[in-house]
Amino acid sequence: MGHPATDLQASDARAEGHQAQVSDGPVSDRPVSDRRITLERIESYLPERSVRIEELGERLGLRRAELGVFRKFYGLDTLRFDPELPLLDLLRPAARGALAALPEGGRVEYLAYAHVTQAVAPADVDIAQAVGEDLGLDGTEAFGLSHQACVSSLGAIEVLGELLRAEGAEGAYALMVTGEQAYSPMVQLVPNTSIMADAAASCLITLDGEGDVVRSFATRTLGEYAQWLELTAEQNTEFGEQYGKRISEVIHQALTEAGLTLDDVDLVIPHNVNKLAWRQTIKELGVAPEKVFLDNVPRYSHTFASDVFVNYTTLRDADRLVDGAHYLLVSVGLGATFGAMVITHRTGGGK
């Protein structure tokens, strides 16, 4: 499973990406660009209502044989789905949990609501602003991000870190909030791929804090697949054939920027799109299957941009995250964006 480095500064010195070349000197003496993004607390939330995928067959227009494919080949079983739950009620628990790590006197300068579907509320409702008000974050600059689809939550961490580097006061914080609902059959079913479910997650972010260190973040967008629902059969086949290769390329890019190899990574923490896609990727990566955490695919299915954080908190709460170990957060968004983030876990941070 690799040999995690415990010397964070030594690892930073090897890095070739934007997190590289961390000075041994005081934080105040470092160049702004060398300040490390740290995840001070990560929390997730899943509604209590759980359904088996067969219960959604009529809603999604799926025949028994099609549901059998989702179960047998894609590995789906149950998922959380509560259409009666208001969106703010879905987002609130994880966001408040993450904010619990905000120290006395700390201030959240920015809030990013990362979502996948373009319309998550009526046009006159700004969910990012509504979340900030609901959390009592007066004066916080709140905005939404969505154009990287299911990679948007990882991308939001990068954006918030750069905002803190560029404009944040010393000791400033930012909050990434993600979570949305499968409010219609068109949103809930990704044909021949996955069935979407409800979940939410939040990360409290700062620079040079005590939490998990973000070592790198790599993305690649294949714009030729932007019109996902209008792709031809040939384009769908082409995309499926190169899926594992593209994830592998982005993973290796992120590892190179972090100054690490796959052997240095303790575990890959992926999105929950389906087991078939990840078996293809595991083969492409040439790693042992147990190095990729897929236990939550049959439990929760694909939860938009929240997957990697739901999986992270599952592992953390089971004491499976090791102090000083490196982890890969990996997701793919329709459209098509591939993203990978390398983090180093620190006990006491990320909780």
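A residue counts as buried when its relative accessible area is under 20%. The model analysed here is predicted. By that cut-off, Phe-70 is buried, because its relative accessibility is 4%. Tyr-74 is buried as well, with a relative accessible area of 11%.

These two residues also form an aromatic pair. The search of the whole structure returned two such pairs. In the pair of Phe-70 and Tyr-74, the ring centres lie 5.2 Å apart and the planes meet at 70 degrees, so the geometry is edge-to-face. Edge-to-face requires planes over 60 degrees apart.

At the level of the chain, eleven helices and 13 strands were assigned. The chain has 351 residues, and 58% of them are buried. Its exposed area is about 14600 Å². Carbon and sulfur atoms contribute 48% of that area. Contacts were also examined by sequence separation. Of those between residues at least 6 apart in sequence, 79% link residues at least 24 apart.

Helix α6 covers residues 152–167, a run of 16 residues. From first to last C-alpha, α6 spans 21 Å. That is close to the 22 Å expected at 1.5 Å a residue. The buried residues of α6 begin with the run Ser-152, Ser-153, Leu-154, Gly-155, Ala-156, Ile-157 and Glu-158. Further along α6, Leu-160, Gly-161, Leu-164 and Arg-165 are buried too. An α-helix has 3.6 residues a turn, so residues three or four places apart point the same way. The buried set of α6 includes Ile-157, Leu-160, Gly-161 and Leu-164.

How values were computed: Residues numbered from 1 in each chain as written. Predicted model: local features only at pLDDT ≥ 70, side-chain atom pairs only at ≥ 80, totals over all residues. Heavy atoms only, no water. Helix = DSSP H or I, 4+ residues; strand = E, 2+ residues; numbered from the N terminus. Buried < 20%, exposed > 50% of the residue type's maximum accessible area, 1.4 Å probe, protein only. Contact = heavy atoms within 4.5 Å. Areas by Shrake-Rupley, 256 points an atom, 1.4 Å probe, with all protein chains shown as cover. Phe/Tyr/Trp six-rings, centres within 6.5 Å; stacked < 30°, edge-to-face > 60°. Expected span 1.5 Å × (residues − 1).
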